[in-house]
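This report walks through a few places in one protein, moving from single residues to helices and then to a metal site. Please keep the sequence and the 3D view open while reading.

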Amino acid sequence: MDKRQVLKEYFGYDGFREGQEELMDAILSGRDVLGIMPTGAGKSLCFQIPALLMEGITLVISPLISLMKDQVEALNQAGVHAAYLNSSLTPGQYRKALGLAAAGRYKLIYVAPERLVTEEFLDFALNASISMVAVDEAHCVSQWGQDFRPSYLKIVEFVKRLPRRPVLAAFTATATREVREDVAGILTLRDPLVRITGFDRPNLYFAVQSPGDKYGVLRQYLELHPGESGIVYCLTRKLVEEVCVRLRSDGILATRYHAGLSDEERRKNQEDFIYDRSPVMVATNAFGMGIDKSNVRYVIHYNMPKNMESYYQEAGRAGRDGEPADCILLYGGQDVVTNQLFIENNRDNEELDIQELALVQQRDRERLKKMTFYCFTRECLRDYILRYFGEYSANYCGNCGNCLSQFETVDVTETARGIAGCIKSSGQRYGVTVILDTVHGANTVKIRNYRMEDNPFYGSLAKVPLYRLRQVMNHLQLQGYLYVTTDSYAVVKLMELSEGLIRGETKVLMKLPREEPEKKKPEKGGKARRRRQSMAADFHAEEFTEKEEKLFEALRALRMQIAKEEQVPPYVVFSDKTLIHLCIRKPASQEELLEISGIGAFKAKKYGKRFLECIREGNL
Ligand code: ADP
Ligand code: MG
Ligand code: ZN
């Protein structure tokens, strides 16, 4: 067999995605590789397929038990013998698995890094023929990465002890230069083929909203997407609790995840989500690392996260199957304050002295600012993200909230002048909130303490709503009229451009979304349906009618049934895309089944009969 046949036979796919083929070819020729590809790009196949083609065993190093479990289940479902060795096994199970491994039962063995240099494991490894060590989530070796794992350093030690050096293949989604160099250096890759694919995720739709009633917006979205799986991220545990309780009382099947829950409950809730028993997961950022669930159809941020890195990572958990998915951020002014508090109180790293801590905090404030600008930019959101990560793209993507909104240009000169005037007249000594409260005429303790009631601009913009004041404040920062200092006090300062504004010489124009005439209530399930239409179009199907919709539901129920029997998540049995393809082609025989995307020989044999039957019945 060659790699293309393996792709078809075991995984049921017809073609390679960007980067996959080159990385596989290099591995097969015996060369080390470093693959840097965004989440969902298909890194696993890059080492799984060569593993099946090479003599001997491939060891896969992975940082998390859940990741290992997910991949091993998926491989077993495809008819590949694979196993994992980690702390979730009892000593008895562990010994048994090692015994089978030694007997040559597995082509792929997933190992937790801390196991590598244990006596028991070395005993096996030194006597086995190991042809490749694949390091998944390879950024974990780097202290620059977000999830540094000291045990990853044992990989090198382990490889050195092997009688024959295997091919080393490293994969990560983290693209910064420091991490890249660290991975290649620390893992001692030899003249590796480095392949970096673009960071864009064209199937993701990005949008930002600043609703007065966040909960209402969230609930409406969820009601319009029944049965679809998604994550709702909140900044605090308290908010996770609140939102989850409200959703449940509104009849939505939601579960929750945050660091304040017991291990037991976290595990259970995570499984409820992965196994589609609970389609909605409300969580803090503690949730997600190690979630390979491919059919997450939306990630909604109930709050703005602390920086763009976190945002793209969390949002990127949507649509790993390459199908359309939504990433929506619900911004509120309070989010900035909460994040600022997190930054002030961050004592995560006890090794830092005061100066270093100050530096870290300043960098964090800088990042928070860029995140805030994301929420206020009127330009293409995708373009903003990619530019942040150092990629240049077209500044119109056609698949984000801004590209699809109609904007009107509004003259905000009066408001802008009031803000700038207030900053100047109070000596450029105060932060955003004090300035906005002053022009808005608020009566707070701070305002009284600073005697801002006496400021000539006090209450001068009382009629302008606060959210609009904030929009203009951000616009002025984006346009270089003002800046906010990022040392310990965040103070708003004027820049040169403001001179003309204050003198009344400059006009400030701002793009704002056109107020929608009158909102039609969207049809229930309308978007989910349109998504299926769009997946169907990928298979060049003319339409996806009522009949196909019904068949889809029947196939989905069958998939759930099988998933229960096999005790694996539904998407491990078949992806949504495979179900759609089945609805369109309506195969009538085993041969025809093999033409469906995502169905290889093994799955066709194992489940084919039941699905064929279901299709036949649906066709009557
Ligand atoms: P990554 O590890 O890069 O985040 P995965 O390896 O988990 O991504 O793959 C994401 C999804 O893409 C999986 O469902 C996988 O089966 C699918 N996939 C990978 N390669 C291909 C391909 N060549 N054709 C179709 N689907 C693919
Ligand atoms: Mg992966
Ligand atoms: Zn866009």
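Q20 is found in helix α2 (residues 20–28), where helices (H or I, at least four residues) and strands (E, at least two) are DSSP runs numbered from the N terminus. The model is a predicted one, in which local features need pLDDT of at least 70, side-chain atom pairs count only at pLDDT 80 or more, and totals for chains, interfaces and linings use all residues. Residues are numbered from 1 along each chain as its sequence is written, chains are lettered from A and ligands numbered from 1 in the order in which they are written, and side-chain values use heavy atoms, with hydrogens and water left out.

**Single residues**

Is Q20 buried or exposed? Q20 is buried, with a relative accessible area of 3%; buried means under 20% relative accessible area, exposed over 50%, and partly exposed in between, using a 1.4 Å probe and protein chains only. Leaving aside residues up to four places away in sequence, Q20 touches M37, A41, G42, L45 and C46, where contact means heavy atoms within 4.5 Å. Q20 and A41 are 21 residues apart along the chain, and their C-alpha atoms are separated by 8.9 Å.

N295, in the loop between β11 and β12 (296–301), is also a buried residue, with a relative accessible area of 7%. Not counting residues up to four places away in sequence, N295 touches S229, D276, D321, Y571 and D576. One of these, D276, sits in the loop between α11 (263–274) and β11 (280–283), and has a positive phi although it is not a glycine. The table sets D276 beside two other residues with positive phi.

| Residue | Place | Phi |
|---|---|---|
| D276 | loop between α11 and β11 | about 60° |
| Q567 | loop between α23 (546–566) and α24 (570–573) | about 55° |
| G441 | follows α18 | near 80° |

Q567 is exposed, with a relative accessible area of 60%.

**Helices**

Within helix α18 (residues 432–440), the buried residues are V434, I435, L436, D437, T438 and V439. Their cover includes α17 (413–425), α19 (445–449), α20 and β16 (492–494).

Two packed helices are described by the angle between their axes and the distance between the axes. The axes of α14 and helix α20 (residues 466–478) come within 10 Å and cross at roughly 115°; here axes are lines fitted to C-alpha atoms, for helices over the stretch in contact, and angles run from 0 to 180 degrees between N-to-C directions. The contact is made by K369, T372, F373 and F376 of α14 together with R470, Q471, N474, Q477 and L478 of α20.

**The zinc site**

Which residues hold the protein donors of the zinc ion (ligand 3)? They are C380, C397, C400 and C403, each through its SG atom, lying 2.3 to 2.4 Å from the ion; donors are N, O and S atoms within 2.8 Å of the metal (3.2 Å for Na, K and Ca), and water is not among the atoms, so sites may look incomplete. The donor residues are spaced C-x16-C-x2-C-x2-C in sequence. C380 lies in the loop between α14 (354–376) and α15 (381–388), and C400 in the loop between α15 and α16 (401–404), so this pair ties together parts that are 20 residues apart in sequence. C380 is buried, with a relative accessible area of 3%, and C400 is buried, with a value of 0%.
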